[in-house]
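Let's practise reading a protein structure together. Have the model open beside you, and try each task before you look at the solution.

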Amino acid sequence: MGDILHTFPVLGFLRSRFPEARIHWIVEESCSSLVKAHPAVDRVICIDSKKWRRNLWSRQSWKELQSIVHDLRSTSYDIVFDLQGNIKSALCTFLARSSCKVGFGRASVSESPNLLCTHHRFDPPASGSIREDLLFLPKSFYGVQEEEFFDEALYLQITAEEREILNTFFAKPQLNSSSSLRVIVSPGSRWRNKCLSFDVLEDFLQLVSEMTSCTFLFSWGDAEEKAVSEKLHRSFPDSSCLLDKLSLPLLQHFMGASNLVIAMDSLPLHLCATTDTPSYAFFGPSAAIKYQAKGKHRGA
């Protein structure tokens, strides 16, 4: 899902250049909630490659595959952008009906067979962030030279029930003090080697609480992260709240209503980057220069 969030500036660029364009997005079913909630996407085409590989000889799998192939072949696209650069995305690019397919060049493509399925190829500069790399493809194809990043804040679509949850939560007196900051803390990551140890994170948050008046809002995505957030909540009983499990669009709106997000190199960090809320992140095995959220209020 982090990869999907990195591509959002591409949508901003395309929508700003072609306001009336119809934008379709092919995405794995498990990651589709983010794409479906994006206001610039007109149609989402879901695939489930893992399920199909597990049940390769299933009649249902072949029916679903045939439906996807028919779908991609029945629509004539003016342009197809392959923003993943691997074999799986190459198959989708190959099947999509278009005479103009744009992807990464030989120096930057993830898996070289992908080169067989694109007509126009571009290699981003090595010094750019991952978001700049992805944005480099459409900007190069259209000959756009400006430095503008097309990374304006956007808000994903949420339901009326989720809107009510958001409004009710932030109506609490504890969160409406003009002298206290609302700080979302996301201690987890899918890759556990990207996480701080509990003691280091607890000490860091103690320093934050001593430097400024704030209320910590601890978020989580799975049982392991919930256990860490519950433990942190117990460490700051009078100045923190444990959030419920939130959908990603709703979590984004929580971030937009907060003053700061503290996260690892993780999905929540990249979700925060779609808002105007400042962030502070910790990087371990991955390079901050490549994956840090762009902007003057994005620390690492």
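Below are five exercises on this predicted model, each with a worked solution.

**Exercise 1. Is helix α11 mostly covered or mostly open, and what covers its buried residues?**

Step 1: Find the helix, which spans residues 248–256.

Step 2: Look for buried residues, using the cut-off of under 20% relative accessible area. Leu248, Pro249, Leu250, Leu251, Gln252, His253, Phe254 and Met255 pass this test.

Step 3: With eight of its nine residues buried, α11 is mostly covered.

Step 4: Turn to the surroundings. The cover over these buried residues includes the helices α3 (32–36), α8 (160–169) and α12 (267–272), together with the strands β6 (181–186) and β9 (260–264).

**Exercise 2. Which parts of the chain does the salt bridge between Glu28 and Lys88 tie together?**

Step 1: Start with the pair itself. Glu28 and Lys88 form a salt bridge, and their closest N and O atoms are 2.8 Å apart.

Step 2: Place each partner. Glu28 sits in strand β1 (residues 24–28), while Lys88 belongs to helix α6 (residues 87–95), so the bridge ties together parts that are 60 residues apart in sequence.

Step 3: Check how covered the partners are. Glu28 is buried because its relative accessible area is 16%, and Lys88 is partly exposed because its value is 31%.

Step 4: Put this pair in context: the structure holds eight salt bridges.

**Exercise 3. Where in the chain do the partners of Arg192 and Lys194 lie?**

Step 1: Take Arg192. The side chain of Arg192 meets that of Asp222 in a salt bridge, at 2.8 Å from N to O. Asp222 is in the loop between β7 (214–218) and α10 (223–235), and Arg192 is in the loop between β6 and α9, 30 residues apart.

Step 2: Compare the values with the cut-offs. Asp222 has a relative accessible area of 30%, so Asp222 is partly exposed; Arg192, at 34%, also counts as partly exposed.

Step 3: Widen the view. Arg192 and Asp222 belong to a network of salt bridges that also links Glu224 and Glu225.

Step 4: Now take Lys194. Lys194 forms a salt bridge with Asp265, with 3.3 Å between the closest N and O atoms. Asp265 lies in the loop between β9 and α12 and Lys194 in the loop between β6 and α9, so this pair ties together parts 71 residues apart in sequence.

Step 5: Check the cover once more: Asp265 and Lys194 are both buried.

**Exercise 4. Which residues does Arg17 touch, leaving aside those up to four places away in sequence?**

Step 1: Find Arg17 in helix α2 (residues 8–17).

Step 2: List the contacts: Arg17 touches Tyr142 and Val144.

Step 3: Weigh sequence against space. Arg17 and Tyr142 are 125 residues apart in sequence, and their C-alpha atoms are 9.8 Å apart.

Step 4: Classify Arg17. The relative accessible area of Arg17 is 39%, so Arg17 is partly exposed.

**Exercise 5. Which residues form the positive patch and which form the nonpolar patch?**

Step 1: For positive charge, pick out Lys50, Arg53, Arg54 and Arg190, which gather on the surface.

Step 2: Examine one member. Arg190 is in the loop between β6 and α9 (198–211), and Arg190 counts as exposed because its relative accessible area is 70%.

Step 3: For the nonpolar patch, choose Leu56, Trp57 and Trp62, which together have about 410 Å² of accessible area.

Step 4: Place Leu56 in the loop between α4 (49–54) and α5 (59–74). Leu56 is partly exposed, at 40% relative accessibility.

Definitions and conventions. Residues are numbered from 1 along each chain as its sequence is written. This is a predicted model: local features need pLDDT of at least 70, side-chain atom pairs count only at pLDDT 80 or more; totals for chains, interfaces and linings use all residues. Side-chain values use heavy atoms; hydrogens and water are left out. Buried means under 20% relative accessible area, exposed over 50%, partly exposed in between (1.4 Å probe, protein chains only). Helices (H or I, at least four residues) and strands (E, at least two) are DSSP runs, numbered from the N terminus. Contact means heavy atoms within 4.5 Å. Patches are made of residues with over 30% relative accessible area and no salt bridge: like charges are joined within 9 Å, nonpolar side chains (Val, Leu, Ile, Met, Phe, Trp, Tyr) within 5 Å. Accessible areas come from the Shrake-Rupley method with a 1.4 Å probe; for residues, only the protein chains shown count as cover. A salt bridge is a side-chain nitrogen of Lys or Arg within 4 Å of a carboxyl oxygen of Asp or Glu. Lys and Arg count as positive and Asp and Glu as negative; His and the chain ends are not counted. The place of a charge is taken as NZ of Lys, CZ of Arg, CG of Asp or CD of Glu.
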